[in-house]
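User: Please take a close look at the interior of this chain. Go through the packing, the open space and any odd backbone there. Begin with the terms you use for burial.

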Amino acid sequence: MQTDKNKLNIIGLTAIVLSAMIGGGIFDLPKDMALNAGAAGQIIAWLFTGVGMWLITLMFLSLSQLRPDLKTGLYKYGEQGFGKFTGFCVSWGYWICECFTNVTYAILVMNTLNYFMPGYFTGGNNWHAIIWASVIFWLIYLIIIQGIKKANHTGLIGTIGMMVAVIIFLITMVCHFNGHVFITNFTATHQISSLHDRNLGSLTHQVFKTLSVTLWAFGGIEGAVVLSNRARSQKQVRHATLLGFIACIILYSLASLLPLGSNSYGNIARMASPATAQLLTNAFHSPLGHVIISAGLIISVLASWLTWTMMLAEMPFAAAKDHAFPHCFAKENAQHVPVFSLFMATCVMQLILIFAHFAHDAFTMMYTIVATLTVPPYLISALYLIKLAWQNKLPSLVNNPTLRYRTLLIGVCAALYIIIMGLAAGLNNLSIAVIIYALGIPLFIQTRHEYAPHQPFFSKVERYFALMIVLVAISGVYLLIR
């Protein structure tokens with residue numbers, strides 16, 4: 001049994017949310033956004049994303065308040081709302097999503113190190129990069145098995161280092177901001193060869209193209225919810241989620257918009273990753289800018305890497321305790337770390353990392369897959385909130401009709417936003433996501449065989465749901481091959 005002293009407080013939980021959300025994504029955010037939108041499109045995209053992610057934040061806050069008894073949030077919302085198979089799918093999909101997230105971080109770290117050793121870590125996914133990233137994976141594994149609390153102290157130090165680098169970058173961009181440069185080709189609908197600006201299409205098209213980037217950026221907003229079982233109170237979980245959202249929307253929007261006051265979006269889009277390093281180098285007229293950002297990025301990504309590894313061990317662990325994952329995933333060590341779940345996650349990440357070697361643009365491919373895999377767990381959480389409000393069985397809702405209608409509105413609006421994000425991912429990426437979910441079905445069957453060997457593996461509704469996943473996955477394989 002964990003004592004209250006060993007659990008995470010508001011500072012630790014907020015650091016987890018910030019580390020999981022900001023990670024290393026902010027350091028290449030100016031380039032990722034400039035590839036898809038100009039200043040006007042980015043402003044609209046951040047407003048749209050801010051509203052949408054605020055709805056998702058409210059969704060998690062509402063679920064945490066209505067059902068504080070449900071620990072490790074996302075999995076329990078799926079299992080309580082729609083049965084064992086749905087709960088398993090959420091746990092499996094989110095687990096694999098987090099594994100892809102950590103591989104994305106690995107590629108980003110190795111690509112950044114390539115600046116200091118040119119050609120040695122090209123692309124972040126050559127064999128040198130794969131070997132050294134693998135070493136870091138297993139070192140992080142060894143850190144976390146010493147205990148969640150100790151690991152979070154390490155992550156907190158990394159989060160502070162990340163914030164220092166980000167603040168230096170933002171202050172520098174403010175000092176070099178030029179309003180005339182910012183409004184030049186404001187809508188990004190003109191081609192200006194001298195600035196390397198392309199016509200990026202209508203504003204609607206630009207905003208839609210940025211959605212996968214912004215969804216990747218806000219991935220991790222559920223960090224405190226996922227680790228709520230390790231928190232001192234559910235109230236602190238809600239506060240950490242809210243603080244994390246506010247900090248991130250401010251930092252993200254500034255990081256992508258301020259550079260447009262000193263460089264055209266066309267020039268930023270052409271910069272090598274991480275773009276913030278090149279922007280700071282240009283501003284300082286010195287390699288010192290690249291060193292500051294590279295150091296901050298490496299510290300930041302390692303902190304996020306650690307945070308996401310802690311998070312990804314929790315979901316299968318909680319599911320196993322509820323008999324929705326094989327019982328071996330429920331094994332803990334003396335420090336209350338789900339050691340088998342953590343070990344298997346590290347093995348899965350190792351496998352994904354090897355496959356990443358064969359990708360042309362590994363970083364973009366990885367973060368796009370992550371953004372797509374995030375959609376189903378978020379959507380199921382939104383549907384569960386709608387179900388709670390619709391059924392109106394909880395005393396807190398029965399006795400407060402205003403709260404019930406507010407909860408229903410939050411659930412419906414959050415679900416609509418999540419569906420839009422899913423559509424923005426594109427057919428190919430959605431196909432990959434469904435294939436990954438289909439690959440988990442044999443594990444669910446094995447789980448049911450362990451805990452209920454004399455009962456059907458699926459209920460009648462679940463049978464059709466599983467069949468639909470398999471059929472869509474087969475179609476997805478055909479689509480990708482073609």
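Analyst: A residue counts as buried under 20% relative accessible area, as exposed over 50%, and as partly exposed in between. The model is predicted, so every value here is computed from predicted coordinates.

Start with the loop between α8 (179–183) and α9, since the terms apply there at once. His196 sits in this loop. Its relative accessibility is 36%, so His196 is partly exposed. The phi of His196 is near 65 degrees, a positive value in a residue other than glycine. Ala188 belongs to the loop between α8 and α9 too. Ala188 is not a glycine either, and has a positive phi of about 60 degrees. Ala188 counts as buried, because its relative accessibility is 0%.

Now the chain as a whole. It has 21 helices and 0 strands. Of its 482 residues, 57% are buried. Long-range contacts dominate: among contacts with a separation of 6 or more, 81% join residues 24 or more positions apart.

Next, the packing. The largest nonpolar core holds 142 residues. Met59, Phe100, Val103, Phe218 and Leu373 have the most contacts inside it. Helix α5 (residues 84–113) supplies the largest share of this core, with 18 residues. One of those best-connected residues, Leu373, deserves a look at its partners. Leaving aside residues up to four places away in sequence, Leu373 touches Ile96, Cys97 and Phe100. Leu373 also touches Ala433, Ile436 and Tyr437.

Then the open space. The largest pocket encloses about 660 Å³. Its lining counts 33 residues. Nearest its centre lie Lys31, Asp32, Asp361, Phe363 and Thr364. Five elements each give two or more residues to this lining: α2 (29–34), α5, α9 (203–218), α16 (362–391) and α18 (401–425). Helix α16 gives the largest share, 5 residues. The lining of the largest pocket is mixed, with 14 nonpolar, 14 polar and 5 charged residues.

The second largest pocket has a volume of about 550 Å³. Its lining has 25 residues. Pro376, Val434, Tyr437, Phe465 and Ile469 are nearest the centre of the second largest pocket. Two or more lining residues come from each of α5, α16, α18, α19 (427–439) and α21 (460–481). By class, this lining has 20 nonpolar and 5 polar residues, and no charged residues. Tyr437 ties this pocket to the packing: it lies among the residues nearest the centre, and it is one of the residues that Leu373 touches.

Last, helix α20 (residues 441–451). Ile441, Phe444, Thr447 and Arg448 are buried in this helix. These four cover an arc of only 115 degrees around the axis, so they lie on the same side of α20. The geometry behind such a pattern is simple: an α-helix has 3.6 residues a turn, so residues three or four places apart point the same way. Among the elements that cover the buried residues of α20 are α5, α19 and α21.

One element runs through much of this account. Helix α5 gives the largest share of the core. The same helix adds residues to the lining of the largest pocket and to that of the second largest pocket. And α5 helps cover the buried residues of α20.

Methods:
Residues are numbered from 1 along each chain as its sequence is written. This is a predicted model: local features need pLDDT of at least 70, side-chain atom pairs count only at pLDDT 80 or more; totals for chains, interfaces and linings use all residues. Side-chain values use heavy atoms; hydrogens and water are left out. A nonpolar core is a set of buried Ala, Val, Leu, Ile, Met, Phe, Trp, Tyr and Cys residues joined through side-chain atoms within 4.5 Å. Buried means under 20% relative accessible area, exposed over 50%, partly exposed in between (1.4 Å probe, protein chains only). Contact means heavy atoms within 4.5 Å. On a 1 Å grid over the protein atoms alone, a cavity is a set of points where a 1.4 Å probe fits but cannot get out, and a pocket is an open set with protein on both sides within 12 Å along at least five of seven lines; lining residues have an atom within 4 Å of a point. Grid points are joined across faces, edges and corners, and a volume is the space filled by probe spheres set on the points. Ala, Val, Leu, Ile, Met, Phe, Trp, Tyr, Cys and Pro count as nonpolar, Asp, Glu, Lys and Arg as charged, and the others, Gly among them, as polar. The arc is that of the directions from the helix axis to the C-beta atoms.
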